[in-house]
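This report describes a single protein chain, first as a whole and then at selected positions.

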Amino acid sequence: PNEYPQERILAAADLTGRGPQELPKLIDLLADDDAAVRYWACVGLEVLGLQAKSAQPLLVDALKDPSPNVQIAAADALVSIGSSADVIPLLKESLKHPSEWVRLRALNLLDELGEKAAPALPEIEAGLKLKSRFGYDHRAMTQLIEKLR
């Protein structure tokens with residue numbers, strides 16, 4: 001239970017989609033000790049969209065979270081509240097991550113950004129040289145390169 005606090009994680013995930021009345025709880029969970037709880041807090045804030053605007057400074061801080069999954073979930077939440085400029089540097093750096101799953105999450109968000117993702121084109125192209133066990137990230141890179149050119 002200490003290594004994987006399933007009840008706390010499920011409780012955080014359960015707040016997603018429950019409405020703006022959960023905003024204070026989601027904000028508090030951004031400071032949780034467990035990365036999965038922080039991740040779900042970001043997802044909940046992303047779902048709230050503009051209703052989570054007051055969480056913007058904390059989400060910007062979460063871009064520096066030790067967990068890359070929390071970082072990208074925070075970036076996704078920032079995009080949903082209209083703050084996409086803050087996320088490009090993180091997404092560019094995430095494309096260099098050794099995990100193809102982290103790279104894929106970053107690519108999915110870059111794809112969502114459309115033309116705003118153009119500054120990441122060199123990093124996307126460079127990512128094709130990284131090892132990929134399943135190739136999902138490489139396929140996403142190839143498609144995004146075509147869209148951005």
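The sections below cover overall fold, surface and charge, and two individual residues.

## Model and fold

The coordinates are those of a predicted model. The protein chain holds nine helices and zero strands. Read along the sequence, the pattern is α-α-α-α-α-α-α-α-α.

The radius of gyration of the protein chain is 16 Å, which agrees with the value near 15 Å expected for a compact globule of 149 residues. The C-alpha trace spans about 40 × 35 × 20 Å along its principal axes. Taking contacts between residues at least 6 apart in sequence, 61% join residues at least 24 apart.

## Surface and charge

Of the 149 residues in the protein chain, 48% count as buried. The accessible surface comes to about 8,200 Å², and carbon and sulfur atoms account for 53% of that area.

The protein chain carries 17 positive and 22 negative side chains. The centres of these two sets lie 6 Å apart.

## Ser132

Ser132 sits in the loop between helix 8 (121-127) and helix 9 (136-148). Is Ser132 buried or exposed? Its relative accessibility is 19%, so Ser132 counts as buried, the cut-off being under 20%.

Two side-chain polar contacts are found for Ser132. One joins the side chain of Ser132 to that of Asp137, at 2.4 Å. Another joins the side chain of Ser132 to the side chain of Glu100, at 3.3 Å. With neighbours within four places in sequence left aside, the residues in contact with Ser132 are Glu100, Arg103, Asp137 and His138. Glu100 and Asp137 thus appear in that contact list as well as in the polar contacts with Ser132.

## Glu123

Glu123 belongs to helix 8, the helix that precedes the loop of Ser132. Why does Glu123 count as buried? Its relative accessibility is 18%, and the buried class takes residues under 20%.

Which residues does Glu123 touch, not counting those up to four places away in sequence? They are Lys92, Leu95 and Lys96. A separate C-alpha distance relates Glu123 to Gln21: the two residues are 102 residues apart along the chain, and their C-alpha atoms are separated by 39 Å.

Terms used
Residues are numbered from 1 along each chain as its sequence is written. This is a predicted model: local features need pLDDT of at least 70, side-chain atom pairs count only at pLDDT 80 or more; totals for chains, interfaces and linings use all residues. Side-chain values use heavy atoms; hydrogens and water are left out. Helices (H or I, at least four residues) and strands (E, at least two) are DSSP runs, numbered from the N terminus. The radius of gyration is taken over C-alpha atoms; the globule rule is 2.2 Å times the number of residues to the power 0.38. Buried means under 20% relative accessible area, exposed over 50%, partly exposed in between (1.4 Å probe, protein chains only). Contact means heavy atoms within 4.5 Å. Accessible areas come from the Shrake-Rupley method with a 1.4 Å probe; for residues, only the protein chains shown count as cover. Lys and Arg count as positive and Asp and Glu as negative; His and the chain ends are not counted. The place of a charge is taken as NZ of Lys, CZ of Arg, CG of Asp or CD of Glu. A polar contact is a pair of N or O atoms within 3.5 Å; within protein, one must be able to donate a hydrogen and the other to accept it, and residues adjacent in sequence count only if both atoms are side-chain atoms.
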